[in-house]
Amino acid sequence: MPGETVCVTSYGTWNDQPFTTVHEADCLTVWATSWFATVSDRDGNEFPPGRRDTA
């Protein structure tokens with residue numbers, strides 16, 4: 001959602017960066033380059049994998 005803060009935690013090993021992001025006008029995509037990563041909100045609540053719609 002606009003204005004939200006997210007925290008990406010990456011586990012394992014990676015070559016250059018632990019994750020990459022793609023930001024579009026109404027979408028943020030996080031791609032983990034390690035073997036596992038989580039995305040959480042400011043309070044530590046983990047977002048489930050997959051699309052998060054506003055509707």
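This is a walk through a predicted model, from the overall fold to single residues.

Start with the whole chain. There are 4 strands and 0 helices. Read from the N terminus, the order of elements is β-β-β-β. The chain has 55 residues, and 13% of them are buried. Its accessible surface is about 4,800 Å². Carbon and sulfur atoms account for 52% of that area. Now take the contacts between residues at least 6 apart in sequence. Of these, 40% join residues at least 24 apart.

Next come the two strands in the middle of the order. Strand β2 covers residues 19-24, and strand β3 covers residues 27-32. The two pair in the antiparallel sense, over 6 bridges. A hairpin of 2 residues joins β2 to β3. Two bridge partners can be picked out here. H23 is matched with L28 in β3. E24 is matched with C27, also in β3.

V22 belongs to strand β2. Is V22 buried, exposed or partly exposed? Its relative accessibility is 35%, so V22 counts as partly exposed. Setting aside residues up to four places away in sequence, V22 touches C27, L28, T29 and W31. Of these, C27 is the bridge partner of E24, and L28 is the bridge partner of H23.

D26 sits in the loop between β2 and β3. D26 has a relative accessible area of 72% and is exposed, because the cut-off for that class is over 50%. Which residue lies 8.0 Å from D26, C-alpha to C-alpha? That residue is P2, 24 residues away in sequence.

Move on to strand β4, which spans residues 36-41. Three of its residues deserve a look: F36, T38 and S40. Start with T38. Its relative accessibility is 8%, and T38 therefore counts as buried, the limit being under 20%. Which residues does T38 contact beyond four places in sequence? They are C7, V8, T9, Y11 and E46. Strand β1 runs over residues 6-11, and Y11 is part of that strand.

S40 is buried too, with a relative accessible area of 12%. Leaving out residues up to four places away in sequence, S40 touches T5, V6, C7, N45, E46 and F47. C7 appears among the contacts of T38 and among those of S40. E46 likewise appears for T38 and for S40.

The segment before β1 also comes into view here. E4 is placed in that segment. With a relative accessible area of 36%, E4 is partly exposed. How far apart are the C-alpha atoms of E4 and D41? They are separated by 7.6 Å, although the two residues are 37 apart along the chain.

F36 is in strand β4 as well. Unlike the buried T38, F36 is partly exposed, at 39% relative accessibility. Y11 falls in that class too: at 36% relative accessibility, it counts as partly exposed.

These two residues bring us to the aromatic side chains. How many aromatic pairs does a search of the whole structure find? The search finds 1. The ring centres of Y11 and F36 are 5.5 Å apart, and the ring planes meet at 35 degrees, so the pair is tilted. The angle sits between the limits of under 30 degrees for stacked and over 60 for edge-to-face, which is why neither label applies. The pair links distant parts of the chain, with Y11 in strand β1 and F36 in strand β4, 25 residues apart.

The rings also belong to a surface feature. Which residues form a nonpolar patch on the surface? The patch is made of Y11, W35 and F36. Together they have about 380 Å² of accessible area. Patch members need over 30% relative accessible area, a limit that Y11 passes at 36% and F36 passes at 39%.

Three places are worth revisiting on screen. One is the hairpin that joins β2 to β3. Another is buried T38, at 8% relative accessibility. The last is the nonpolar patch of Y11, W35 and F36.

Technical notes. Residues numbered from 1 in each chain as written. Predicted model: local features only at pLDDT ≥ 70, side-chain atom pairs only at ≥ 80, totals over all residues. Heavy atoms only, no water. Patch = residues over 30% accessible without salt bridge, like charges linked within 9 Å, V, L, I, M, F, W, Y side chains within 5 Å. Areas by Shrake-Rupley, 256 points an atom, 1.4 Å probe, with all protein chains shown as cover. Salt bridge = Lys/Arg side-chain N within 4 Å of Asp/Glu carboxyl O. Buried < 20%, exposed > 50% of the residue type's maximum accessible area, 1.4 Å probe, protein only. Phe/Tyr/Trp six-rings, centres within 6.5 Å; stacked < 30°, edge-to-face > 60°. Contact = heavy atoms within 4.5 Å. Pairing = 2+ DSSP bridges.
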